[in-house]
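Hi everyone, thanks for making time this morning. I'd like to walk you through one model, from its overall form down to a few side chains. Please have a look at it before I start.

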Amino acid sequence: MRTVAAMLFLLLLGLQYQSWFGDSGYLKASALKAQLEAEERRAELQKQRNRLLRGEVMALTGSDAAVEARARTDLGMIKDGEVFYIITDEPQ
């Protein structure tokens with residue numbers, strides 16, 4: 001009877017080990033859950049970025065004023081007859 005109890009106890013320990021530390025165990029599942037949450041946050045940030053870029057594309061295809069404003073800020077372009085000034089802070 002003692003040997004049967006000992007064998008059952010060892011079997012229980014083996015099953016517990018598998019459920020906690022095995023390939024599909026609790027620790028692995030919690031690590032995968034944390035990884036999934038991080039990927040979902042990353043995907044949400046990418047969706048927001050895509051929405052912003054889509055809005056920018058719509059603005060650029062919709063009017064020449066948006067293209068002109070983009071050229072002025074990003075490329076430093078100026079119109080004919082305008083004077084370009086650069087104001088810098090002088091060290092004291």
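**A walk through the model**

Let me begin with burial: of the 92 residues of the protein, 4% count as buried. Please keep in mind that this is a predicted model. The accessible surface comes to about 8900 Å², and 61% of that belongs to carbon and sulfur atoms.

Now for the overall dimensions. A compact globule of 92 residues would have a radius of gyration near 12 Å, but this protein has 32 Å. Along the principal axes, the C-alpha trace spans about 105 × 45 × 10 Å.

What about secondary structure? There are 3 helices and 0 strands, so to speak an α-α-α run when you read from the N terminus on.

Let's start with the surface around the first two helices. Which residues make the nonpolar patch here? They are Tyr17, Trp20, Phe21, Tyr26 and Leu27, and together they give about 580 Å². Helix α1 (2-21) and helix α2 (26-62) each supply at least two residues of this patch, and α1 has the largest share, with 3 residues. Leu27, one of the patch members, sits in helix α2. Is Leu27 buried, partly exposed or exposed? With a relative accessible area of 41%, Leu27 is partly exposed, because that category runs between 20% and 50%.

On to helix α3, residues 64-75. How far apart should its ends be? At 1.5 Å a residue, its 12 residues should span 16 Å, and the end C-alpha atoms are indeed 16 Å apart, so the two agree. If you are about to multiply 12 by 1.5 in your head, note that the rule uses one less than the number of residues. Both ends of this helix have something to show. At the N-terminal end, Ser63 acts as a cap, with a side-chain oxygen 3.4 Å from the backbone nitrogen of Ala66. Just after the helix, Gly76 takes a positive phi of about 70°.

Finally, the charged side chains. How many salt bridges are there? The count comes to 7. One of them pairs Glu56 with Arg70, and the closest N and O atoms are 1.7 Å apart. This pair links distant parts of the chain, with Glu56 in helix α2 and Arg70 in helix α3, 14 residues apart. Both partners are partly exposed: Glu56 has a relative accessible area of 32%, and Arg70 is at 36%.

Arg70 also forms a salt bridge with Asp74, where the closest N and O atoms are 2.3 Å apart. Why can these two meet within one helix? Asp74 and Arg70 are 4 residues apart in α3, so about one helical turn separates them. In general, an α-helix has 3.6 residues a turn, so residues three or four places apart point the same way. Asp74 is partly exposed too, at 48% relative accessibility.

The spacing comes back with Glu68 and Arg72, whose side chains meet in a salt bridge at 3.3 Å, N to O. They are 4 residues apart in helix α3, which means about one helical turn between them. Glu68 counts as partly exposed at 34%, and Arg72 does at 32%. That's the tour, and I'm happy to take questions.

Key:
Residues numbered from 1 in each chain as written. Predicted model: local features only at pLDDT ≥ 70, side-chain atom pairs only at ≥ 80, totals over all residues. Heavy atoms only, no water. Polar contact = N/O pair within 3.5 Å; in protein donor to acceptor, adjacent residues only side chain to side chain. Patch = residues over 30% accessible without salt bridge, like charges linked within 9 Å, V, L, I, M, F, W, Y side chains within 5 Å. Areas by Shrake-Rupley, 256 points an atom, 1.4 Å probe, with all protein chains shown as cover. Salt bridge = Lys/Arg side-chain N within 4 Å of Asp/Glu carboxyl O. Buried < 20%, exposed > 50% of the residue type's maximum accessible area, 1.4 Å probe, protein only. Rg over C-alpha atoms; globule rule 2.2 N^0.38 Å.
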